[in-house]
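Me: Could you pick one part of this model and take a close look at it for me? I would enjoy a connected account that begins with strand pairing and then moves on to helix packing and charged side chains.

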Amino acid sequence: MAEEEATTAAFSERRHRKSKRKFSKVRDSEQLDRLESLPWNSSIPQDEHDDPFSMIVGSNEVEGGGFLSLEEIDEAEYGLDIPEPEYIQRNKKLKEDADLNNKKSDGGDVKVETGKDEGNKANENKKKKKKKTKKKKEVSENLKVEHTDAGLDTNVKDDIGEEEIDETEFYAWNELRLHPLLLKAVCKLGFKEPTPIQKACIPAAAHQGKDVIGAAETGSGKTLAFGLPILQRLLEERDKAANLFEEMGEETERIAPTGILRALIIAPTRELALQVTDHLKAVAKHINVRVTPIVGGILAEKQERLLKAKPEIVVGTPGRLWELMSSGEKHLAELHSLSFFVLDEADRMVQNGHFKELQSIIDMLPMSNISPEDNSQSAKNCVTVSSYQRKKRQTLVFSATVALSADFRKKLKRGSIKQKQSLADGLNSIETLSERAGMRPNAAIIDLTNPSILAAKLEESFIECTEDNKDAYLYYILTVHGQGRTIVFCTSIAALRHISSILRILGVNVWTLHAQMQQRARLKAMDRFREKENGILIATDVAARGLDIAGVKTVVHYQLPHSAEVYVHRSGRTARASAEGCSIALISPKDTAKFASLCKSFSKENFRRFPLENSYMPEVLKRLSLARQIDKITQKSSQEKAEKTWFDRNADSVELVTETYDSEEEQVNKHKQMKATSGKLKNLQQELNTLISRPLQSKSFSHRYLAGAGVTPLLQQQLQQLARQKVSDQKGTVLGKKGLVVIGQDCVEALQALRSSGEEVSMDVKDRAGKQRNAENLRRKRKQEKTRNFFTRNICFSSLLVCLFCC
Ligand SMILES: Nc1ncnc2c1ncn2[C@@H]1O[C@H](COP(=O)(O)OP(=O)(O)OP(=O)(O)O)[C@@H](O)[C@H]1O
């Protein structure tokens, strides 16, 4: 008993000391300055009373606590602080000197530091440093103990420290007070500073424990904006557990057990889920947090095996996740321990109503805003979850195109949202989705999208053409401006198949991606596209969202998407992470109205016309005509073959003996026809091969002069071929005699072409739309008139008949 009392006294003494230390820290004006300088978003309430987490933030209590205040996670806690880069120190020194001089010249009281003062300061600094190193060592030891207990890698820090990083370059991350291991990880990834969405979200989600609705332009780093807070919380819990183990001798595994599902991230497509997994794995590489993807198209047994490893973070698509959850998969059923529920590309989840599975998953989540009594009750029933995880679940909802109604914003602010009650059956809005997922009142709404929503460095343009000429312009873009990776978007799989077939016949190497492909083929296509510097991907909107592939220079909208959001996401595959890029929309007359409404939704009046060198078009059209003829013949023959095999297969399955009833003459005719077709095909192919073996020539093409700023990859390849031909041809061909001087292609990259074309090429969309509307009205009127005339004539005729009949 006496021993117990002594322990309690020692513990309260320690607590008292801690709170005292905390108080003195908060009073430290330097620290306060630093806190105030944090880039909080205005939508994050500053008022403590407004904040339902004010009790939690900064609490060091065991029960219900766990969130650290910013002052608690400064360098004193972790021995972490990236030193200021030299240039900042220099600037500061210059500023200080200037201030000093100013004050001197003003004749004000200036406190000049004596050599003694400086000496004292140096001593103090040394002491501080010593203290820091000691503390750092302690924490490191704690971590080691905890990691060993959890069966994890104990050399984490050493591993990370192996590579030489110039930390000063990453100084900007200091303000986010990330765990040192995370800081090291982002440094290793080469991310010099947090992006604006990361700056705004990390304090709210990681340190204030808030729910977040985040919106920022495509490619702005939203994945880490939700990924880092998750990892931060897991690491903080581990550290606390290790500290507690030191202080109280509690078992680490009981306080911060590993192998429990802590974060569930849902993404709309398989590729995106896999990409998010890879991104988080890259950051979590050295901290032994397991991240596993759960997506359709991968063997269910394999995924069950992966889940047996008990990953803390699961990233999945709704379909496969629900399949496993509803079948009672053990790891996924542990939803009471979930600390984060994340919806990436949230607005996609509410479209088309085909995310029924998501609704089911959300309905399985335990209510998060439970009362303290319920909380303690559920804690008693739950053997796996420690007090650290028994905090409220955080819901994070992200997209580049989150549109929230003013009403919902008000509701969040007022705190009047109710969960899982009297909500419509379908998840048809972000609001409903967030409410059902347990979004708590006073969530931080961080909307960093600009009025046009599009990436800042994206240049948009269009090409006006007929529907029939879209293929020609696409071939032109890919051949003349095919530098860097290009993604061509279609809305239908039929269109995708058509253009990929035509382009392949034209010798352009393309990969395709659409929802009807097998998962393995989808992943392979993505990998191949990633590998090739000048790769071309023809995709449907399954690739519109989230895919992060570096070096995509151009996005072509072969067909316009059905909504402005999809246009934003498609275009966002280029101009990512502060890079530049260009989008080109192919607009046929029937697209004009759609295009006008698209521009209206982005408040754009003028769109730039993509510059075209029309002198290339005769040659382009010639090639295209040949390719289309070849395509028609091959399509027909493969269709016939497919029908035949289908018929034979079915006949075989019912053990039917098939016979041909064609007469001998018919058979001979068929054979002749086949031979003629294959001869024609051969000739066409030969003709096309001759054309495509040469670089694309403009009408004013000259063999004598080399004009142009650069060569396209195709051109490069053809030039090499010609050069080889020239060397091997001893007698000398026409080209050989004239000397190999070619090419009249002025532009290399589409973006460069667009920029050098100047401002004057623009289309007044309003005017166009107006004209289009007038034309449509006129057509409608004529049709109505025609119908009216037809009826009048019919009525006259019928009345005449009636009259005749009566007579
Ligand atoms: N702080 C950073 N500094 C530099 N690059 C970063 C930073 N954070 C993330 N990135 C990189 O930026 C790219 C885009 O990131 P991410 O895919 O998270 O964007 P996103 O906003 O989710 O885009 P989308 O809306 O299209 O899904 C990635 O390649 C990522 O590695």
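Reply: Happy to. Two strands count as paired if DSSP finds at least two bridges between them. Please keep in mind throughout that this is a predicted model.

Let's begin with strand E1, which covers residues 212–215. E1 and strand E7 (residues 444–447) run parallel and are joined by four bridges, so they pass the requirement of at least two. Within that pairing, glycine 214 of E1 stands opposite isoleucine 446 of E7. E1 also runs parallel to strand E6 (residues 394–399), again with four bridges between them. There, alanine 215 has serine 399 of E6 as its bridge partner.

What about the two faces of E1, covered or open? In a regular strand, side chains alternate between the two faces of the sheet. For E1, Val212 and Gly214 are on one side, Ile213 and Ala215 are on the other, and all of them are buried. Both faces of the strand are therefore covered, each of these residues being under 20% relative accessible area.

Helix H22 makes a nice companion to that strand. H22 takes in residues 519–531, 13 residues in total, and its first and last C-alpha atoms are 18 Å apart, close to the 18 Å expected at 1.5 Å a residue. Its buried residues are Gln519, Arg522, Ala525, Met526 and Phe529. Looking down the axis of H22, you find these buried residues within an arc of 125 degrees, so they line one face of the helix. Arg520 and Glu531, on the other side of H22, are exposed. What does the buried set pack against? The partners are helix H11 (270–284) and four strands: E9 (485–489), E10 (511–513), E11 (536–539) and E12 (552–557).

Now for the charged side chains. Side chains of opposite charge can pair when their charged atoms come close. Across the whole structure, a search finds 21 salt bridges.

One of them joins glutamate 237 and arginine 233, at 3.6 Å from N to O. Both residues belong to helix H9 (residues 222–248) and sit four residues apart, about one turn of the helix. Glutamate 237 has a relative accessible area of 3% and is buried, and arginine 233, at 2%, counts as buried too.

Helix H13 (residues 318–326) holds another pair, arginine 320 and glutamate 323, three residues apart and again about one turn of the helix. Their side chains meet in a salt bridge at 3.5 Å, N to O. Here arginine 320 is buried, with a relative accessible area of 11%, whereas glutamate 323 counts as partly exposed at 44%.

A further salt bridge, at 3.7 Å from N to O, is formed by arginine 628 and aspartate 468. This pair links distant parts of the chain, 160 residues apart: arginine 628 lies in helix H25 (residues 617–653), and aspartate 468 lies in the loop between strand E8 (458–464) and helix H20 (470–480). Arginine 628 counts as partly exposed, at 27% relative accessibility. Beyond single pairs, Glu459, Glu580, Arg608 and Arg755 are joined into one network by salt bridges that share partners.

Notes
Residues numbered from 1 in each chain as written. Predicted model: local features only at pLDDT ≥ 70, side-chain atom pairs only at ≥ 80, totals over all residues. Heavy atoms only, no water. Expected span 1.5 Å × (residues − 1). Buried < 20%, exposed > 50% of the residue type's maximum accessible area, 1.4 Å probe, protein only. Arc of directions from axis to C-beta. Contact = heavy atoms within 4.5 Å. Salt bridge = Lys/Arg side-chain N within 4 Å of Asp/Glu carboxyl O.
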